[in-house]
Amino acid sequence: MSKRMTRREAIAMSGLAAAATAGTVLTATAADNRKNDMKENDMKENMKMMAPEKDLAMLGGTWADGKYALPALPYACDALEPAYDKRTVEIHHDKHHAGYVKGLNAALAKLEEARKAGKFEDIKALSRDLAFNGSGHVLHSIFWHSMTPGGGKCEGDLEKVMVESFGGVQAGMEQFAAATGAVEGSGWGVLAWEPVADRLLVLQAEKHQNLTVWGVVPLLVCDVWEHAYYLKYANMRGDWVKAFMTIANWPFAAARLAAARKMCRMM
Ligand SMILES: [Fe+2]
């Protein structure tokens, strides 16, 4: 069995990969040369250890009764004092996060109406609403768990991958703090796992609605940058999209969906 296959299996068994599975070609990067390719026993051990981590990572309460829902805080409103004051936590959670949840469900309901009526005049505004509120809900749900009374240590596998990705835990933390502090206007500092190289990245998310609903796994994509269609379709982007729909590879999307569902639900 090739080293690459072993790595893929390791990732799949650890329950953490979707984008690194079907259809994603792992290139000959540092990822392939990683020192810590898991041996089978390590993987089994890792799966046993996943249970409590999985419960936490699943962000319980963010989805209930067929709708997105406001999760309860994982601690009392004043538990993060003095670093994060009770009143701000209350307003932030009960008003702001709740607003994203409400907006996300409303956007989905309006999109359903639009599909039923076959009327997509408002698709641009609705797609923005979806991204704005969807990302707001996902990021806030992760945010509440990103803090804990007294703080927590960086150790175990996370410590290892921090060292591999940033040259050291402290260096990674400093990059995270610097990037977060330098976000222009409103936004987020994000420590993220990038599945192709199996490494960590520090990102700045300015205007989270301009990007995506954070946490989704792409199943099928259509490139509408001009370079993708201009030679044949010139400014007729709609014609290119119609043509794309005739060659869309839905079995590929199905394979990626199946692979993604194998990972624990991460929002
Ligand atoms: Fe917020």
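How many residues lie between strand 3 and strand 4 in their hairpin, and which residue in the turn has a positive phi? Four residues separate the two strands, and Asp198 is the turn residue with a positive phi, of about 50°. The model described here is predicted.

## Overall make-up

The chain contains nine helices and four strands. Read from the N terminus, the order of elements is α-α-β-β-α-α-α-α-β-β-α-α-α.

Of the 267 residues in the chain, 14% count as buried. Taking contacts between residues at least 6 apart in sequence, 62% join residues at least 24 apart.

## The hairpin of strands 3 and 4

Strand 3 covers residues 187-194 and strand 4 covers residues 199-206. The two run antiparallel and are joined by eight bridges. At the turn end of the pairing, Glu194 stands opposite Arg199 of strand 4, and Asp198 lies in the turn itself.

In general, side chains in a regular strand alternate between the two faces of the sheet.

## Helix 5 and its surroundings

Helix 5 spans residues 156-166, and its residues Met162, Ser165 and Phe166 are buried. These residues lie on the same side of helix 5, because they cover an arc of only 75° around the axis.

The buried residues of helix 5 pack against two elements, helix 6 (169-181) and strand 4. Strand 4 therefore has a place both in this packing and in the hairpin with strand 3. Just after helix 5 comes Gly167, with a positive phi of about 85°.

## The nonpolar core and the pairing of helices 3 and 4

The largest nonpolar core has five residues: Tyr68, Tyr100, Val101, Leu104 and Ala107. Helix 3 (residues 86-117) is the main contributor, giving four residues to this core. As a general tendency, nonpolar side chains in soluble globular proteins are buried together.

Helix 3 also packs with helix 4 (residues 123-145): their axes come within 8 Å and cross at roughly 145°. The crossing is left-handed. On the helix 3 side, the contact is made by His97, Tyr100, Val101, Gly103, Leu104, Ala107, Lys110, Leu111 and Ala114. On the helix 4 side, the residues include Ile123, Leu126, Asp129, Leu130, Asn133 and Gly134, along with His137 and His140.

Ala107 belongs to the core and also to the helix 3 side of the contact with helix 4. Apart from neighbours within four places in sequence, Ala107 is in contact with Leu126, Asp129, Leu130 and Asn133. These four residues are among those that helix 4 brings to the contact.

Technical notes:
Residues are numbered from 1 along each chain as its sequence is written. This is a predicted model: local features need pLDDT of at least 70, side-chain atom pairs count only at pLDDT 80 or more; totals for chains, interfaces and linings use all residues. Two strands pair if DSSP finds at least two bridges between them. A nonpolar core is a set of buried Ala, Val, Leu, Ile, Met, Phe, Trp, Tyr and Cys residues joined through C-beta atoms within 7 Å. A residue is buried if 20 or more other C-beta atoms lie within 10 Å of its own, exposed if 12 or fewer, and partly exposed in between; C-beta atoms are placed from the backbone. Two residues are in contact if their C-beta atoms, placed from the backbone, lie within 7 Å. The arc is that of the directions from the helix axis to the C-beta atoms. Axes are lines fitted to C-alpha atoms, for helices over the stretch in contact, and angles run from 0 to 180 degrees between N-to-C directions. A crossing is left-handed if the near helix is turned anticlockwise from the far one by less than a right angle, and right-handed if clockwise.
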